[in-house]
Amino acid sequence: MGELSLEQVTQNYFDVLKEIGNIGAGNAMTALSQMLQCKVDMKVPQVKLLEFSEVGALMGGEEQIMVGVLLGVEGDITGSMMFLVEQKSAKHLINKIMMGMAPEGDTFTEMELSAMQEVGNIITGAYLNSLSMLTNLCIVPTPPALTVDMAGAILSVPAIEFGVFGDNILLIQSQFFDEVEINGYFILIPDMDSYSKILSSLGMPV
């Protein structure tokens, strides 16, 4: 097997990755809709291969306060995955789950953080299930860790961990909304061997 660079992934297989992104985000929104017990609409996800340095800017700047759910990916492929949502959007989601009983203000109570972790768990789980079904690979998520911080600080965690694999990540930006528009960001960071496995399982030469 030859060395596979992320640039080759971009050129040759972007449509495949985009399809995985579309199906994954669609299933995640269905799961969210069931959890919130209301209809959640979604715009067509934007799938981009970006440098880490560009991601913070896309989210409104590296100082934008975000709620991030980070989990590891194990099994046939390894790496990590993140789901990020703006602080205001996270508050809206939590308030929905808590039937309007969430306290006002920018800070999060322990109960709110627990609810948000569950949202992240369900959304990332739906996404990884889609990837698993498409590829017939065993993909096992590790327990999620939740953090509230500036976008730059949250993104630095996988950047440090996976910097050895290059500076690019696959970002899926999903805009979904009930009465409020919410920007959610999925970031999938497989290691390079896992990219090859994903593409091989889809019948792509690597």
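Is Y127 buried or exposed, and what is its relative accessible area? Y127 is buried, with a relative accessible area of 0%; buried means under 20% relative accessible area, exposed over 50%, and partly exposed in between (1.4 Å probe, protein chains only). This is a predicted model, in which local features need pLDDT of at least 70, side-chain atom pairs count only at pLDDT 80 or more, and totals for chains, interfaces and linings use all residues. Residues are numbered from 1 along each chain as its sequence is written, and side-chain values use heavy atoms, with hydrogens and water left out.

**Overall make-up**

- The protein chain has 6 helices and 8 strands; helices (H or I, at least four residues) and strands (E, at least two) are DSSP runs, numbered from the N terminus.
- Read from the N terminus, the order of elements in the protein chain is α-β-β-α-β-β-α-α-β-β-α-β-β-α.
- The protein chain has 206 residues, of which 48% count as buried.
- About 9600 Å² of the protein chain is exposed, and carbon and sulfur atoms supply 52% of that area; accessible areas come from the Shrake-Rupley method with a 1.4 Å probe, and for residues only the protein chains shown count as cover.
- Among contacts in the protein chain with a separation of 6 or more, 72% are between residues 24 or more positions apart; contact means heavy atoms within 4.5 Å.

**Aromatic cluster**

- There are 2 aromatic pairs, where rings of Phe, Tyr and Trp (its six-membered ring) pair if their centres lie within 6.5 Å, and planes under 30 degrees apart count as stacked, over 60 as edge-to-face and the rest as tilted.
- F83 and F186 form a tilted pair, at 5.3 Å centre to centre and 45 degrees between the planes.
- Because F83 lies in strand 4 (residues 79-86) and F186 in strand 8 (residues 181-190), this pair ties together parts that are 103 residues apart in sequence.
- F83 counts as buried at 0% relative accessibility, and F186 counts as buried at 1%.
- Y127 and F186 form a stacked pair, with 5.2 Å between centres and 20 degrees between the planes.
- Y127 belongs to helix 4 (residues 110-135) and F186 to strand 8, so the pair ties together parts that are 59 residues apart in sequence.
- Ring pairs thus join F83, Y127 and F186 into a cluster.

**Nonpolar cores**

- The largest nonpolar core has 41 residues, and L32, M81, L93, M116, Y127, F176 and F186 touch the most other members; a nonpolar core is a set of buried Ala, Val, Leu, Ile, Met, Phe, Trp, Tyr and Cys residues joined through side-chain atoms within 4.5 Å.
- Helix 1 (residues 6-36) gives the most to this core, with 9 residues.
- A second, separate core of 14 residues includes V55, A151, L155 and I169.
- Not counting residues up to four places away in sequence, F186 touches A25, A28, M29, M81, M82, F83, I123, Y127, L170, L171, I172 and S174.
- In soluble globular proteins, nonpolar side chains tend to be buried together.

**Helix 3 and K91**

- Helix 3 (residues 87-97) has Q87, S89, A90, K91, H92, L93 and I94 buried.
- The structure holds 1 salt bridge, defined as a side-chain nitrogen of Lys or Arg within 4 Å of a carboxyl oxygen of Asp or Glu.
- That bridge joins the side chains of E112 and K91 (2.9 Å, N to O).
- With E112 in helix 4 and K91 in helix 3, the pair ties together parts that are 21 residues apart in sequence.
- Both E112 and K91 are buried.
- The charged end of K91 also sits over the ring of F108, 5.2 Å from its centre; this requires NZ of Lys or CZ of Arg within 6 Å of the ring centre and within 35 degrees of the ring normal.
- S89, also in helix 3, counts as buried at 5% relative accessibility.
- Apart from neighbours within four places in sequence, S89 is in contact with E181, I182 and N183.
- M99, just after helix 3, takes a positive phi of about 55 degrees.

**G68 in strand 3**

- G68 is placed in strand 3 (residues 65-75) and counts as buried at 1% relative accessibility.
- Setting aside neighbours within four places in sequence, G68 is in contact with F83, L84, A145, L146, T147 and I154.
- G68 and I154 are 86 residues apart along the chain, and their C-alpha atoms are separated by 6.9 Å.
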